[in-house]
Amino acid sequence: MKVISGVLGFGFALALGGVAAAEGSAVVTADWVADNLKNPKVKVFEVSVDPGVYERGHVPGAVNIRWHSELVDPVKRDIASRESLQKLLSAAGVDKDTTIVLYGDNNNWFAAWGAWVLETYGLGDRVKLLDGGRKVWEAKGLPLDTATPEAGNGSVELTPLKAAVRARLGDVLKVAEGDKGSVLLDIRSPDEFSGKIFAPEGSKELTIRAGHVPGAKNVPWSKAVNADGTLKPKEELKKLYAEAGVDGSKPVIVYCRIGERSSHTWFVLSKVLGYDVKNYDGSWTEYGNSVGVPVANLSGTVWQGK
Amino acid sequence: MSGVRPPKRRAPAPVGPLMSASSITSPARAGIALLVFGGLAVAAYGLGQTPGAIGQRQSFALLAGAAFGIVLQRGRFCFLCNLRDLLRDGDARGVLAILVALAAGTIGYAAVFGAWLPNPFGGRLPPTAHVGPVGPALALAAFVFGVGMAASGSCLSAHLYRLGEGSPTSPFAVLGAVAGFVLGFLTWNPIYLALTVETPSVWLPAHLGYPVWLVATLAVLGALAWLAQTRAKPATPSVPHPGVAHAVFVERWPPAIAGLLVGAIATLSYLRVAPLGVTAEIGSAARTAASAAGWLPDTLFGLDGLRGCATVVKETLLSENGLFVLGLVAASFAAALVSGRFRPAAPTGGQIVRGLVGGALMGWGAMTALGCTVGVLLSGIHAGALSGWIFLMFVVLGVVAADALGRRLRPIQAPG
């Protein structure tokens with residue numbers, strides 16, 4: 001009996017050791033995830049933009065999160081309620097001490113959005129991104145599975161919504177009107193930033209004003225990733241944002257068009273560089289449609305209903 | 001698509017009912033067929049070299065299209081002619097092939113659903129399955145599609161494999177279909193607002209559960225097969241021809257084999273890429289062209305959110321569905337060459353008109369129904385979509401009505 005518990009204990013210690021290896025970093029490598037697929041203290045979730053991607057093959061044991069309905073409130077424009085997220089994570093077998101790994105298609109856009117949503121409910125320290133997401137997993141030729149995993153109910157508990165990582169219109173407006181207390185970072189493409197275009201081709205969520213929030217800096221989110229989809233090294237990231245005037249000396253507010261891509265930059269600044277960052281999830285679709293707010297439109301594009 | 005045609009036309013000599021049975025194929029024909037299959041293999045290999053999952057999906061789509069093209073051509077798997085064979089000549093083989101394909105694919109889909117969506121009652125639809133909205137627009141579109149089939153002599157998928165056989169009507173039917181799609185886009189918004197927006201997308205497993213859905217589907221298909229058999233005249237015993245090669249390369253494949261293969265290709269295609277469908281690429285090409293020409297409304301309400309053969313404004317030269325269709329046409333051409341069914345002929349005026357008009361009706365129907373006999377009927381019934389069954393019912397009605405009208409107008413039916 002003692003021998004058995006000794007063996008079990010050893011295995012458990014190994015498992016914990018595995019988690020500990022990831023403790024210091026907000027991202028984990030594909031190899032780390034592959035080594036921890038059987039680790040009971042690690043749960044993997046896929047958050048992909050496109051439906052049908054998860055079902056045709058996902059990281060073995062990963063649970064699907066549908067961002068259209070499970071990370072947002074389906075009726076009002078808001079993030080998902082604490083109750084529904086609690087239910088989702090518990091049903092996936094997430095315990096109080098489980099490490100949550102998120103990954104997805106499109107350079108982890110929505111996986112990063114998921115990480116931000118979980119941060120607002122107090123789970124931030126235990127949430128990691130699989131560096132490079134699906135792209136790296138597939139490129140490495142690591143195995144994919146089509147089965148849907150089952151789990152017993154986990155003991156996870158979400159805190160009430162924390163406002164510390166979320167900026168609202170009022171916070172952004174303060175900076176736009178001259179408050180120097182924080183710095184605004186617009187992570188959209190240069191053409192959206194300058195006001196040449198209202199939104200990228202094919203976007204359904206539109207604003208009737210083009211441009212950006214006055215005073216905002218522009219660093220497109222994609223500058224933070226390598227060609228293979230992984231994040232650039234920490235020093236390079238630090239330099240990239242410092243050159244745009246975001247060096248962590250002041251709190252940062254990031255925004256994009258609908259608040260999801262900016263989660264990617266929120267993750268880089270907050271989790272990798274350790275800055276004080278809020279994500280403005282209303283983003284340009286709220287700000288650019290608001291009445292009476294100041295707008296910087298470098299291109300002078302005029303809305304003509306088209 | 002015309003690129004797969006051989007550079008020179010053959011002399012119209014062998015227009016007999018079948019190539020002489022003694023020679024399976026000439027060396028020249030076999031050589032061209034081998035080149036086409038070799039080209040498909042090289043293209044599939046090349047696509048598969050792209051790192052990541054995209055290249056593998058494209059490669060699979062091309063090969064699945066080729067397999068589908070071979071089975072359609074060798075099995076003469078054509079919705080209209082199979083139906084007419086039964087109704088006019090009492091030959092039930094083709095209809096049985098369709099019913100076997102529906103049954104086999106349903107079993108395959110059920111196996112995939114079990115892994116992807118273990119609980120069908122959770123209020124979700126299986127990802128990307130063709131579960132379309134069920135309403136009067138679907139019934140009307142399917143009926144019009146049926147009329148178009150009867151007028152042009154084939155459904156769209158059969159026109160695609162007949163392109164490979166050198167059919168004189170098919171190129172005009174495909175052209176007509178592109179025009180029909182544009183008409184469909186133009187009428188989409190009023191039809192959507194009046195008839196579609198509040199219609200439900202009914203997924204039978206969500207109401208019946210997987211076991212009951214599966215058993216009920218197989219029972220209905222079995223009953224239809226029994227019904228078809230009762231209408232069939234006793235088949236004239238075919239003269240057994242010596243040799244396996246002849247059975248594989250020249251004779252029409254038996255219905256059970258063709259049906260099982262279609263069911264298997266449908267299942268594997270759903271598992272790896274998307275449900276079978278042949279109109280997405282045609283529709284996307286029409287939408288891109290018409291949109292660029294400024295003919296289309298800025299917004300097609302709800303279209304991009306509905307399930308079926310989705311048409312999108314094109315960003316790439318060939319989508320996965322485009323590769324699928326390309327593989328279909330190329331492989332059916334090669335298979336037709338080998339079996340002696342490749343008989344190009346100059347089109348007559350009647351064939352051009354029937355192709356264009358029938359194609360346009362089918363294009364409008366396929367756009368409005370979000371797919372054709374493959375995308376809505378086959379892939380829909382496979383997936384447990386009520387829309388598949390509704391399409392089946394009304395497309396048959398359309399064919400029967402058009403044929404009845406045709407007989408009245410013209411006592412002797414011209415061959416399609």
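Just after helix α3 of chain B, G90(B) takes a positive phi of about 70 degrees. Helices here are DSSP runs of H or I with at least four residues, strands are runs of E with at least two, and both are numbered from the N terminus. A word on ground rules: this is a predicted model, in which local features need pLDDT of at least 70 and side-chain atom pairs count only at pLDDT 80 or more, while totals for chains, interfaces and linings use all residues. Residues are numbered from 1 along each chain as its sequence is written, chains are lettered from A and ligands numbered from 1 in the order in which they are written, and side-chain values use heavy atoms, with hydrogens and water left out.

Let's stay with α3(B), which spans residues 79-89. Eight of its 11 residues are buried, so the helix is mostly covered; "buried" is under 20% relative accessible area, "exposed" is over 50%, and "partly exposed" is in between, using a 1.4 Å probe and protein chains only. The buried set is F79(B), L80(B), C81(B), N82(B), L83(B), R84(B), D85(B) and L86(B). What sits over them? The cover includes α4, α5 (136-152), α6 (156-163), α9 (210-231), α15 (373-382) and α16 (386-409), again of chain B.

Take T373(B) as a close-up from that cover: this residue lies in helix α15 of chain B and is buried, with a relative accessible area of 1%. Leaving out residues up to four places away in sequence, T373(B) touches F79(B), F145(B), M149(B), C155(B), S157(B), L378(B) and F391(B), where a contact is heavy atoms within 4.5 Å.

Helix α16 has its own link to α3. The side chains of R84(B) and D403(B) meet in a salt bridge at 2.9 Å, N to O; the rule asks for a side-chain nitrogen of Lys or Arg within 4 Å of a carboxyl oxygen of Asp or Glu. R84(B) is in α3 and D403(B) in α16, so this pair ties together parts that are 319 residues apart in sequence. Both R84(B) and D403(B) are buried. D403(B) also forms a salt bridge with R88(B), with the closest N and O atoms 3.5 Å apart. Here the tie between α16 and α3 joins parts 315 residues apart in sequence. The accessibilities differ in class: D403(B) is buried at 9%, whereas R88(B) is partly exposed at 37%.

Over in chain A, salt bridges that share partners join K76(A), D78(A), R166(A) and D281(A) into one network. K196(A) pairs with D191(A), the closest N and O atoms being 3.6 Å apart; K196(A) counts as exposed at 54% relative accessibility, and D191(A) is partly exposed at 34%. A search of the whole structure gives 21 salt bridges over all chains.

Now for the strands of chain A. Strand β5 covers residues 127-130, with V127(A) and L129(A) pointing one way, K128(A) and L130(A) the other, and all of them buried. That fits a general pattern: in a regular strand the side chains alternate between the two faces of the sheet. β5(A) pairs in the parallel sense with β1 (residues 27-28) over two bridges and with β4 (residues 99-103) over three; pairing requires at least two DSSP bridges between the strands. In β5(A), L130(A) is the bridge partner of V28(A), and V127(A) is that of I100(A). β4(A), helix α5 (residues 105-120) and β5(A) make a right-handed β-α-β unit, meaning that with the strands pointing away from the viewer, the path from the first strand over the helix to the second runs clockwise.

Chain A also has an open sheet of five strands, in the order β6-β10-β9-β7-β8 with parallel pairing. Its edge strands are β6 (166-167) and β8 (217-218), each pairing on one side only. Strands β9 (residues 252-255) and β10 (residues 277-280) pair over three bridges, with V254(A) opposite N279(A).

Finally, how do the chains meet? 16 residues of chain B are in contact with 12 residues of chain A. Together they bury about 1100 Å², 50% of it on carbon and sulfur atoms; buried area is the accessible area (1.4 Å probe) that two parts lose on being put together, summed over both. In chain B, W116(B), R124(B) and P127(B) lose the most area to chain A, together 42% of what that side buries. The rule finds one salt bridge across this interface, and E70(A) and R124(B) meet in a salt bridge at 2.7 Å, N to O.
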